[in-house]
Every structure is written in structure tokens, then in C-alpha cells.
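Here is a short tour of a protein model for anyone who likes to think with the structure open on the screen. Keep the viewer handy as you read.

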Amino acid sequence: MRILTFSVLRNCKLKSALFKNLSVEVSYAKSEIDKLADPNLVEILPSWKEDEEVELRSAVLKQMRVLPNFITEEEEASLLGEVEPQLKRMRYEFDHWDNAIEGYRETERSQWNAQNSAVLARVRAVAFPAQAQLLPHAHVLDLAPAGHIRPHVDAVRFCGDTIAGLCLLSRAVMRLAHAERAHLALDALLPRRCLYVMTGAARYQFSHALLGGAHSAWRGERVARSRRVAVIARQRPAPEHRP
Ligand code: OGA
Ligand code: MN
């Protein structure tokens, strides 16, 4: 079974050239995100020298945000409760060497119970501009403890300007690297129950990867990974990119 959103990963080359001409301007409808985001959870890597691409650095720091404790333990359990029966019927896929993603199972969901709908409405209100059109379904991506996502840019045919992911069950490190100058890189620590929001330059000019446990570190400390489930909301692709 293939469902459309899955093509975000399936159809993206590890280095996409499509983002090149796209604008990096973003305007948030709400300042809520500024209040909730913790800038200490995003860090420019030392390979990105201080005097290098200064404007790009400040742009990407505004466009990759991590909002810790965006959901409560109870909300996390409720989201998992609704997706777990579906996920449990699937096996983790490991053997596709050419995939952008390893050790995963996934589904998508557009109908949620009342409590989970309220959480997703909060994601929409905080992470997306007021007039943004979202894909009707959320993408539910379940990574095994040994699973990881290789650097990729979400395909513009299947995803618009903004991507917002709720992180359940395990913390993880996400690495963003400029698609042409990979030393311009940053790490984001995604704590359990956080929301991350990626938009503009961070979404188009940088690849993102979800590091495997063996390679996950934050400020010099190993970051252990266990099973991780992400519930990801995406903006609809711009009309000119729609398939
Ligand atoms: C993706 C992706 C990140 C995550 O599905 O395209 O990058 O948080 N997922 O799981
Ligand atoms: Mn992605």
C-alpha cells in the first residue's frame, strides 16, 4: 500500500535541486512560537565559522525551532494510543539501502479522537501561518531504536513551506546541513514531547537527518535513542508544485 504523503521521502533525492529558486521569507502569523521555542535546543556546529554566512545563520535559527514540552505525558499517551494499533500490524523496514530512511514503519491519519484533534489544532495554530493550508492527514513515522533518517529535503511536490513534528517516546538529534555547503550545519536536540517547526531556508536550503543512536550526541554527550514516533503536520505543496 502506498499513500501519497509517503512520497515526501520516497521521491526525494538525497540532494534535491528543487529548492534553489524558492524564497526564504517567512512570516509567522503568531508570536506564540517565539514564546514557546527554546533557542538552546538548536546549535550551530563548529564547522560553521562565526563570520561565515551570518545572515543565513540568523535566518536558519529563526526557521528551525524546538518547542519543548509542547504536549503533556497524557497527550503523548493519547496520541500513541490512537496510532499504536495500526503501527503494531506493520513490520519495521530495514533493508532498503537506497531509502532515505531505515528501520521505520509509517502510516498517515486524518481522523483523530477529540483529545488528539485538540493537540493537532494547537500544532496548527502555533506552527503554521494563519492562512496556511495543511495536508489533511498527519504523517505518523515510527522509528525503531536503531532506525534513522538520512539527509534529505522534503520533496516540494508533496510538502509546502512548513513542517511541524511532534516527537513521542524518545529524544533524538536532528541535523540540518546546507544542501550545497554541508559544513554549514546545525543540530537540534528534540526532547521527548517537543514540537519542532522547520520552515523557509531551514526547510528548502538545508537537508535534515534524524541521527541514529550510535551517532547522536548533544554538546559532547551521547544521546541514547529508543523507539521514536513522530506525528508530522505539513503544509500543502504550492499549487505550481502539485503533482
Ligand atoms: C520525514 C522526516 C523527521 C521526523 O518524514 O520527512 O524528516 O521527525 N521526519 O521523524
Ligand atoms: Mn523530512
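## A loop arginine to start with

Which residues does Arg193 touch, not counting residues up to four places away in sequence? They are Asn69, Phe70, Ile71, Thr72, Glu73, Glu76 and Cys167. Please keep in mind that this is a predicted model.

You will find Arg193 in the loop between strand 7 (185-190) and strand 8 (195-199). Although that is a loop position, Arg193 is buried, because its relative accessible area is 15% and the cut-off for buried is under 20%.

## The chain as a whole

The chain contains six helices and 12 strands. Of its 243 residues, 54% count as buried. Long-range contacts are well represented: taking contacts between residues at least 6 apart in sequence, 83% join residues at least 24 apart.

## The manganese site

Ligand 2 is a manganese ion, and its protein donors are His152 through NE2, Asp154 through OD and His208 through NE2, lying 2.1 Å from the ion. Along the chain, the donors follow the spacing H-x1-D-x53-H. Asp154 and His208 link distant parts of the chain, since they are 54 residues apart: Asp154 sits in the loop between strand 4 (138-152) and strand 5 (162-168), while His208 belongs to strand 9 (residues 206-210). Both Asp154 and His208 are buried.

## Two nonpolar cores

The largest nonpolar core has 38 residues, and the members that touch the most others are Trp48, Met64, Val66, Met174, Leu186, Leu190 and Tyr196. A separate core of 28 residues lies apart from it, with Ala132, Leu134, Leu195 and Val231 among its members.

Val66 is a good residue to click on. Leaving aside neighbours within four places in sequence, Val66 is in contact with Leu36, Ala37, Asp38, Leu41 and Val42, and also with Ala188, Leu189, Leu190, Pro191, Cys194, Leu195 and Tyr196.

## A stacked aromatic pair

How many aromatic pairs does a search of the whole structure find? The search finds one. The pair is made by Trp48 and Phe206, whose ring centres are 6.1 Å apart; their planes meet at 20°, so the pair is stacked.

Trp48 lies in the loop between strand 1 (42-44) and helix 3 (54-63), and Phe206 lies in strand 9, so the pair ties together parts that are 158 residues apart in sequence. Both partners are buried: Trp48 has a relative accessible area of 3%, and Phe206 has one of 0%. Strand 9 thus comes up twice in this tour, with Phe206 and with the manganese donor His208.

## Helix 4 and its kink

Helix 4 covers residues 73-88, which makes 16 residues. From its first C-alpha to its last, helix 4 reaches 21 Å, close to the 22 Å expected at 1.5 Å a residue. There is a kink of about 35° at Glu82, shortly before the proline Pro85.

Which residues of helix 4 are buried? They are Glu75, Glu76, Ser78, Leu79, Leu80, Glu82, Val83, Glu84 and Leu87. These buried residues pack against strand 3 (101-109), helix 5, strand 4, strand 5 and strand 12 (228-234). Glu76 also appears among the residues touched by Arg193.

## Val123 in helix 5

Val123 lies in helix 5 (residues 114-127). Is Val123 buried or exposed? Val123 counts as buried, because its relative accessibility is 2%.

Leaving aside neighbours within four places in sequence, Val123 is in contact with Phe70, Phe128, Ala164, Leu166, Leu195 and Ala233. Val123 and Tyr196 are 73 residues apart in sequence, with their C-alpha atoms 9.7 Å apart in space.

## Two loop residues with positive phi

Leu169 has a positive phi of about 80°, although it is not a glycine. This leucine is found in the loop between strand 5 and strand 6 (172-178). Leu169 counts as partly exposed, because its relative accessibility is 23%.

Arg219 also has a positive phi without being a glycine, here of about 50°. Its loop runs between strand 10 (217-218) and strand 11 (221-222). Arg219 counts as partly exposed at 48% relative accessibility.

Conventions
Residues are numbered from 1 along each chain as its sequence is written. Chains are lettered from A and ligands numbered from 1 in the order in which they are written. This is a predicted model: local features need pLDDT of at least 70, side-chain atom pairs count only at pLDDT 80 or more; totals for chains, interfaces and linings use all residues. Side-chain values use heavy atoms; hydrogens and water are left out. Donors are N, O and S atoms within 2.8 Å of the metal (3.2 Å for Na, K and Ca); water is not among the atoms, so sites may look incomplete. Helices (H or I, at least four residues) and strands (E, at least two) are DSSP runs, numbered from the N terminus. Buried means under 20% relative accessible area, exposed over 50%, partly exposed in between (1.4 Å probe, protein chains only). A nonpolar core is a set of buried Ala, Val, Leu, Ile, Met, Phe, Trp, Tyr and Cys residues joined through side-chain atoms within 4.5 Å. Contact means heavy atoms within 4.5 Å. The expected span of a helix is 1.5 Å times one less than its number of residues. The bend at a residue is the angle between axes fitted to the seven residues ending there and the seven starting there. Rings of Phe, Tyr and Trp (its six-membered ring) pair if their centres lie within 6.5 Å; planes under 30 degrees apart count as stacked, over 60 as edge-to-face and the rest as tilted.
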